[in-house]
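Visitor: I'd like a walk through this one, starting with the overall picture and ending with a few single residues. Can you take my questions as they come?

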Amino acid sequence: MSTIIVTTGLASLLLSSPAISQSRPGRPAPPPSRYTYTLEINNKSLPEGVTVRKVDDGLGARHFIKNSSETPLIINGRFEGERLVAGTKLVGGKVYLYFPNGVPMEGKTHLKGWQAPFGDSETTLLVLDSEPAKIYEGRKPGLGKELPPPEVVTIPANYDGKPYGIIATVHYHLNPAYDAEPPNPAEKIDG
């Protein structure tokens with residue numbers, strides 16, 4: 001009988017928890033945008049010793065950045081107030097990630113700060129902080145096939161301790177998924 005009381009008490013405690021009682025189903029995926037985009041990096045905007053290599057294969061176009069100089073370049077910096085909580089530092093041909101609370105790997109010493117927990121890597125992905133606004137605007141139904149003009153954007157960075165911007169041009173393309181027929185949930189999927 002005491003087991004039933006403890007179990008019932010534990011269940012009522014868990015079910016009264018706001019995290020459990022107010023759980024929400026996952027958000028549905030947004031509708032496809034009329035546009036996709038590719039980036040063109042302005043190599044003249046790169047600091048000395050920094051190079052970007054474009055890889056275009058079946059997975060799409062991606063840009064890998066490398067800094068062979070001894071002057072640190074930090075990209076993807078994330079802050080909470082004035083405190084750095086994440087980022088990627090490229091210096092001397094190596095890539096380091098920032099861990100404010102230590103490297104979260106079992107069996108490793110939890111060293112705080114800039115670490116290379118996955119071994120030596122020379123390059124990392126160069127990406128925009130967020131999708132261009134035209135991608136969001138392109139989710140409206142019934143858009144025509146006119147493309148937005150190319151758009152110049154700045155990828156924020158920090159070079160030698162100072163704010164820096166890597167310049168890129170966003171080129172828009174039509175997204176075939178926008179015109180595709182939406183799946184009919186009433187149809188039975190065979191499988």
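Visitor: What does the pLDDT of the chain average?
Guide: Keep in mind that this is a predicted model. Of the residues, 78% score at least 70. Residues 1-23 are another matter, with pLDDT below 50 and 4 contacts beyond near neighbours in sequence. For the chain, the average pLDDT is 82.

Visitor: How many helices and strands does the secondary structure of the chain come to?
Guide: Reading from the N terminus, the elements go α-α-β-β-β-β-β-β-β-β-α-β-β-α. The tally is 4 helices and 10 strands.

Visitor: What share of the residues of the chain count as buried?
Guide: The chain has 191 residues, and its accessible surface comes to about 13500 Å². Carbon and sulfur atoms hold 57% of that surface. The buried share of the residues is 27%.

Visitor: And what part of the contacts with a separation of 6 or more comes from residues 24 or more positions apart?
Guide: Here we take the contacts in the chain with a separation of 6 or more and pick out the pairs 24 or more positions apart. Those pairs account for 54%.

Visitor: Let's get to the strands. Which residue in S5 stands opposite Ile-75?
Guide: Strand S4 covers residues 73-80 and pairs with S5 in the antiparallel sense, over 6 bridges. The two form a hairpin with 2 residues between them, and Gly-81 in the turn has a positive phi of about 70°. Along this pairing, Arg-78 is opposite Ala-86. Opposite Ile-75 you'll find Thr-88.

Visitor: Which residue of S6 is the bridge partner of Lys-89?
Guide: S5 also pairs with strand S6, residues 94-99, in the antiparallel sense over 4 bridges. That hairpin has 2 residues between the strands too, and Gly-92 takes a positive phi near 60°. The partner of Lys-89 in S6 is Tyr-96.

Visitor: How many of the 9 residues of S5 are buried?
Guide: S5 runs over residues 83-91 and is mostly covered. To count as buried, a residue has to be under 20% relative accessible area. In S5, the number that are buried is 7.

Visitor: Which residue in S9 stands opposite Ile-74?
Guide: Besides S5, look at what S4 does with strand S9, residues 151-159. They run antiparallel and are joined by 3 bridges. The residue opposite Ile-74 is Asn-158.

Visitor: Which are the edge strands of the open sheet?
Guide: The open sheet has 3 strands in the order S2-S3-S8, with antiparallel pairing. S2 and strand S3 (residues 60-67) are joined by 8 bridges, and Asp-57 stands opposite Gly-60 there. An edge strand pairs on one side only, and that picks out S2 (50-57) and S8 (124-125).

Visitor: Now the inside. Which elements give two or more residues to the largest nonpolar core?
Guide: The general background is that nonpolar side chains tend to be buried together in soluble globular proteins. Here the largest nonpolar core has 22 residues, and those with the most contacts inside it include Ile-41, Ile-65, Leu-73 and Ile-75. The elements giving two or more residues are S1 (35-41), S2, S4, S9 and S10 (162-174).

Visitor: Leaving aside neighbours within four places in sequence, what is Ile-75 in contact with?
Guide: Ile-75 is one of the residues with the most contacts inside the core, and Thr-88 stands opposite it. Its full set of contacts, with those neighbours set aside, is Ile-65, Gly-87, Thr-88, Leu-90, Thr-124, Leu-125, Leu-126, Pro-156 and Ala-157.

Visitor: Is the ring pair of Tyr-159 and Tyr-164 stacked, edge-to-face or tilted?
Guide: The whole structure has 3 aromatic pairs. In the Tyr-159 and Tyr-164 pair, the ring centres are 5.7 Å apart. Tyr-159 is buried at 18% relative accessible area, whereas Tyr-164 is partly exposed at 27%. The planes meet at 55°, and stacked needs under 30 degrees while edge-to-face needs over 60, so the pair is tilted.

Visitor: One last residue: how far apart are the C-alpha atoms of Gly-144 and Leu-174?
Guide: Gly-144 lies in the loop between helix H3 (133-137) and S9, and it is partly exposed at 47% relative accessibility. Along the chain, Gly-144 and Leu-174 are 30 residues apart. Their C-alpha atoms are separated by 9.9 Å.

How values were computed:
Residues numbered from 1 in each chain as written. Predicted model: local features only at pLDDT ≥ 70, side-chain atom pairs only at ≥ 80, totals over all residues. Heavy atoms only, no water. Buried < 20%, exposed > 50% of the residue type's maximum accessible area, 1.4 Å probe, protein only. Pairing = 2+ DSSP bridges. Phe/Tyr/Trp six-rings, centres within 6.5 Å; stacked < 30°, edge-to-face > 60°. pLDDT = per-residue confidence, 0-100. Contact = heavy atoms within 4.5 Å. Core = buried A, V, L, I, M, F, W, Y, C linked by side-chain atoms within 4.5 Å. Areas by Shrake-Rupley, 256 points an atom, 1.4 Å probe, with all protein chains shown as cover.
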